[in-house]
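Dear colleague,

I am handing over the structure we spoke about, and I would be glad if you could keep it open while you read the notes that follow it.

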Amino acid sequence: MQEKIENNELENMEREIISLITADGDEVEAEVLIFFEIEETGKKYLVYTYNEKDKNEMVTVYASSFVEEDGNIYLDDIESDDEWEKVKEVMRQTIKVGGDE
């Protein structure tokens, strides 16, 4: 599943809110939590939230790789368990560093 990021907003990462166009064509806002690249995969990633809560009142967080096509930026699925492990490790390190401050 790909979601388009409106107006190449990743270039303006000082902004915390981005607009996403879903596969259905709906525009939704998401809060950017972290943005990073993993050398091993050669991909860039975005971790974001719609600030929705699950049944345990925890905020749901999403992670996607992204690709650029025809001047647009698209969020794409993380393709393998190995790739997910690498993304989760960056997320864990970010949480750990954030908790030390």
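**What was found**

S19 lies in strand β2, which covers residues 17–21. Please bear in mind throughout that this is a predicted model. With a relative accessibility of 11%, S19 counts as buried, because the cut-off for that label is under 20% relative accessible area. The side chain of S19 also has a partner, since a polar contact of 3.3 Å links it to the side chain of E27.

To place that strand in the whole, the protein chain has one helix and six strands as its secondary structure, and along the sequence these elements follow the pattern β-β-β-β-β-β-α. Of the 101 residues in the protein chain, 31% are buried. Among contacts in the protein chain with a separation of 6 or more, 32% are between residues 24 or more positions apart. The accessible surface of the protein chain comes to about 6800 Å², and 44% of that area is supplied by carbon and sulfur atoms.

The strands from β4 onwards can be followed through their pairing. Strands β4 and β5 run antiparallel and are joined by five bridges, and within this pair K44 stands opposite F66 of β5. Strand β5 pairs in turn with β6 (residues 72–76), again in the antiparallel sense and over five bridges, with E69 having N72 in β6 as its bridge partner. The hairpin that β5 and β6 form has two residues between the strands, and D70 in this hairpin takes a positive phi near 50°. When you look at the side chains here, it may help to recall that in a regular strand they alternate between the two faces of the sheet.

Where does V59 sit in relation to β4 and β5? It belongs to the loop between them, with β4 spanning 43–49 and β5 spanning 62–69. Is V59 buried or partly exposed? Its relative accessible area is 40%, so V59 is partly exposed, as that label covers values between the 20% limit for buried and the 50% limit for exposed. Together with L33 and V61, V59 forms a nonpolar patch on the surface, and the accessible area of these three residues together is about 220 Å².

If you go back to the model, the two places I would look at side by side are S19, which is buried, and V59, which is partly exposed.

With best wishes

Notes
Residues are numbered from 1 along each chain as its sequence is written. This is a predicted model: local features need pLDDT of at least 70, side-chain atom pairs count only at pLDDT 80 or more; totals for chains, interfaces and linings use all residues. Side-chain values use heavy atoms; hydrogens and water are left out. Patches are made of residues with over 30% relative accessible area and no salt bridge: like charges are joined within 9 Å, nonpolar side chains (Val, Leu, Ile, Met, Phe, Trp, Tyr) within 5 Å. Accessible areas come from the Shrake-Rupley method with a 1.4 Å probe; for residues, only the protein chains shown count as cover. A salt bridge is a side-chain nitrogen of Lys or Arg within 4 Å of a carboxyl oxygen of Asp or Glu. Helices (H or I, at least four residues) and strands (E, at least two) are DSSP runs, numbered from the N terminus. Buried means under 20% relative accessible area, exposed over 50%, partly exposed in between (1.4 Å probe, protein chains only). Two strands pair if DSSP finds at least two bridges between them. A polar contact is a pair of N or O atoms within 3.5 Å; within protein, one must be able to donate a hydrogen and the other to accept it, and residues adjacent in sequence count only if both atoms are side-chain atoms. Contact means heavy atoms within 4.5 Å.
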